[in-house]
Amino acid sequence: MSSRINDEEDADTVVGGSSYPVKHKGLKKSDRIDESYDSYSTGTHPRKLERVSLHDFSKTTDYALEERPFVVPIAKDGIIAALERIDRQLRDSGRTGLLSNKVPVSWTGREVSPGFLGLINHGGLPKILTKPGRYPGFPLRNWWARQWCGTKGLSDTAIQFQGLTVVQVSQNQAAVISDPQNRIFVVKNSGFVAYAIDGTYDVLAIVDQTHLSTQIKDAVTGAILGSIAEIKMRSHIASGKEQEYVVALFLNIPANNCAILQRGDDLELLPAGQHYITNPNVTLRGLFTLGENQLEMPTKDIFTRDQVPVGLRIYLKWQLMEPLKLTTHGYNTPYDALRDKTQSILTQIVAHLDYSTMVKQRSLGPDNLEDGTDPSSAFLDALRTRAMDEMHEAALEYGIILKDLAVIDRQFKGEIASTMDKLTTRALQAQVEAANVDRENSNKVKQEEGALAVARIKAQSRNAQADSEAYSVIAAAKAQAERTKIEALAEAEAIRLTAEADAQAVSIRAAADAKVTDQFARGMEMRRVEVTRVQAFGNKTVFVPTDGTGVQMSNAMAVGMAAGMANGHEA
């Protein structure tokens with residue numbers, strides 16, 4: 001029966017679910033933890049031994065595995081087959097059976113549909129109708145001392161009726177059961193049918209293992225660590241009052257997270273997955289994440305060497321690797337362990353530094369390192385060498401890897417700090433003003449340089465334009481000279497050709513005239529030439545003979561005119 005109620009992985013009542021061996025160096029009484037781990041196994045997970053759990057805390061009695069009378073697991077053949085088996089057990093023991101002998105009809109009576117069970121209260125004892133059909137109310141003897149109590153589905157998760165308990169859960173469910181002796185066990189991925197002769201089998205809860213009621217978050221980082229659900233049972237005490245007691249704890253741990261269980265001085269790591277705890281001696285110490293975490297946190301006031309109080313704001317980045325070491329030292333979160341150690345180390349570092357050394361550096365951390373000539377680098381050197389080294393070594397003792405540490409801000413306090421802040425503020429203001437003056441001068445110089453560059457560019461532009469105009473004039477003059485030259489050559493050539501043509505014409509006419517042999521023709525030609533010559537002088541030309549009486553008269557007239565003109569000038 002027990003092998004069918006819980007599969008081999010869920011047979012642990014105290015701590016349910018898979019696990020793996022963990023490193024528990026320095027853990028109190030750790031020799032007995034994970035005794036079932038086979039060190040010679042070649043797989044990545046330990047090999048399970050015969051009916052031995054991986055968890056040392058789960059080696060108490062699993063009440064689900066006990067042999068109980070009239071308890072039958074639900075096998076592949078279903079609930080009806082289990083009811084028939086328990087009915088045979090009851091009849092074999094001389095008790096009244098569970099199944100009714102009534103035969104259904106089809107025309108009247110109480111109806112039992114397929115897939116349902118009919119429930120009858122027979123004088124305080126349960127009677128079950130398993131066959132579908134109608135069950136009539138007569139003859140009367142069939143219902144003497146009997147009461148019809150309705151129907152229940154064959155697929156219902158839990159059925160409780162007159163001492164009969166039927167439980168069947170799906171893959172994602174878990175049923176928390178209390179037996180007649182008030183012992184708690186959990187059923188997963190299976191079911192059973194039980195009839196209690198003394199006491200009852202109470203179904204305390206049906207748990208959805210992937211959606212538990214209470215979500216657990218890291219109070220510091222806000223990361224989701226997992227979810228839990230507490231199952232409670234009501235009990236009557238001597239005063240007659242009812243009180244609730246937690247009888248089971250379910251855990252759903254996400255990937256890359258874990259839980260720490262505690263029993264006395266023993267601690268045990270529980271990996272990611274779905275688990276449950278029913279042993280009251282085992283408590284949940286805490287849930288932890290194994291991923292990276294980062295946080296900004298303020299420190300308490302620290303005094304410098306010249307007694308100036310300063311408050312730092314630091315940045316931490318870490319990863320928890322071995323939660324058992326952390327809980328062994330009594331810390332509930334990695335932040336608690338790192339906070340105390342960081343405060344101690346920074347107190348020692350700042351106590352050896354002056355106010356003037358720290359005030360010049362606003363952001364202090366490994367990312368803004370400078371050379372050793374800077375007076376403000378003393379704090380950086382101490383942070384980089386001593387703080388990081390000591391913090392890393394201290395964090396390993398708690399199972400933590402410190403990946404980054406930086407001081408991102410500081411605030412000085414007290415009257416001395418106030419006075420020094422004023423002086424520092426004045427000095428900074430002077431530096432700012434000097435920087436502003438330098439910036440203005442630099443801007444003016446750049447403006448003048450820009451204007452000079454513009455003038456230089458304009459001059460170059462004008463020179464280029466003048467060169468272009470001169471070149472244009474020279475090119476135009478050359479073109480005009482070339483044109484004049486070409487025109488003169490053309491005109492001279494034209495004159496030459498004209499002269500040659502005229503000479504050739506004269507030569508041709510002379511040759512023609514030379515060929516005329518008649519004397520009269522020659523005379524006539526000479527007269528025609530004379531006429532042409534006279535015509536050339538125009539019609540206003542006066543011809544004076546060059547010999548004879550006319551010539552003499554002309555000379556006398558010219559002399560007289562000359563004498564008259566001379567006398568006129570003398571007068």
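Which residue just after helix 8 takes a positive phi? In this predicted model, that residue is Gly538, with a phi of about 95°. The helix before Gly538 covers residues 519–537, so to speak a plain stretch of 19 residues. From the first C-alpha of helix 8 to the last, the reach is 28 Å, close to the 27 Å expected at 1.5 Å a residue.

Stepping back to the whole chain, the secondary structure comes to 9 helices and 23 strands. Of the 571 residues in the protein, 35% are buried. Contacts with a separation of 6 or more were also sorted by distance along the sequence, and 63% of them join residues 24 or more positions apart. The exposed surface of the protein is about 34,300 Å², and carbon and sulfur atoms supply 53% of that area.

Next, the nonpolar interior. The largest nonpolar core has 38 residues, and those with the most contacts inside it are Leu312, Ile314, Leu316, Leu326, Ile400 and Leu405. Both strands and helices feed this core: the elements giving two or more residues include strand 16 (257–263), strand 17 (266–270), strand 20 (292–298) and strand 22 (309–320). Also on that list are helix 3 (323–328), helix 4 (334–350), helix 6 (377–397) and strand 23 (400–412). Helix 4 gives the most, with 7 residues. Leu316 offers a handy view of how these pieces meet. Leaving aside neighbours within four places in sequence, Leu316 is in contact with Asn293, Gln294, Leu295 and Met297, among others. The remaining partners of Leu316 on that count are Leu338, Thr342, Leu402, Asp404 and Leu405. A second, separate core has 19 residues, including Phe70, Val72, Ala82 and Leu83.

Two open sheets are worth a look. One has 4 strands in the order 1-11-8-7, paired in the antiparallel sense. Strand 1 (71–73) and strand 7 (158–161) stand at its edges with a single partner strand each, so one side of each has no neighbour in the sheet. The twist in this sheet averages 5° from one strand to the next. Inside it, strand 8 (residues 164–168) and strand 11 (residues 191–195) pair over 5 bridges, again antiparallel, and Thr165 stands opposite Ala194 in strand 11. Helix 2 (residues 79–92) lies across strand 1, strand 8 and strand 11, and runs at about 150° to strand 1.

The other open sheet is built from 3 strands in the order 10-9-12, with antiparallel pairing. Strand 10 (184–188) and strand 12 (202–208) are the edge strands, each pairing on one side only. Neighbouring strands here are turned by 25° against each other on average, direction ignored. Strand 9 (residues 173–178) pairs with strand 10 over 5 bridges in the antiparallel sense, and Ser178 has Ile184 of strand 10 as its bridge partner.

Finally, a polar residue: is Ser227 buried or exposed? Ser227 sits in strand 14 (residues 224–236). Its relative accessibility is 12%, and because buried means under 20%, Ser227 counts as buried. Not counting residues up to four places away in sequence, Ser227 touches Leu212, Thr214, Gln215 and Ile216, along with Phe250, Leu251 and Asn252.

Note on methods
Residues numbered from 1 in each chain as written. Predicted model: local features only at pLDDT ≥ 70, side-chain atom pairs only at ≥ 80, totals over all residues. Heavy atoms only, no water. Core = buried A, V, L, I, M, F, W, Y, C linked by side-chain atoms within 4.5 Å. Buried < 20%, exposed > 50% of the residue type's maximum accessible area, 1.4 Å probe, protein only. Contact = heavy atoms within 4.5 Å. Pairing = 2+ DSSP bridges. Axes fitted to C-alpha atoms, helices over the stretch in contact; angles between N-to-C directions. Areas by Shrake-Rupley, 256 points an atom, 1.4 Å probe, with all protein chains shown as cover. Expected span 1.5 Å × (residues − 1).
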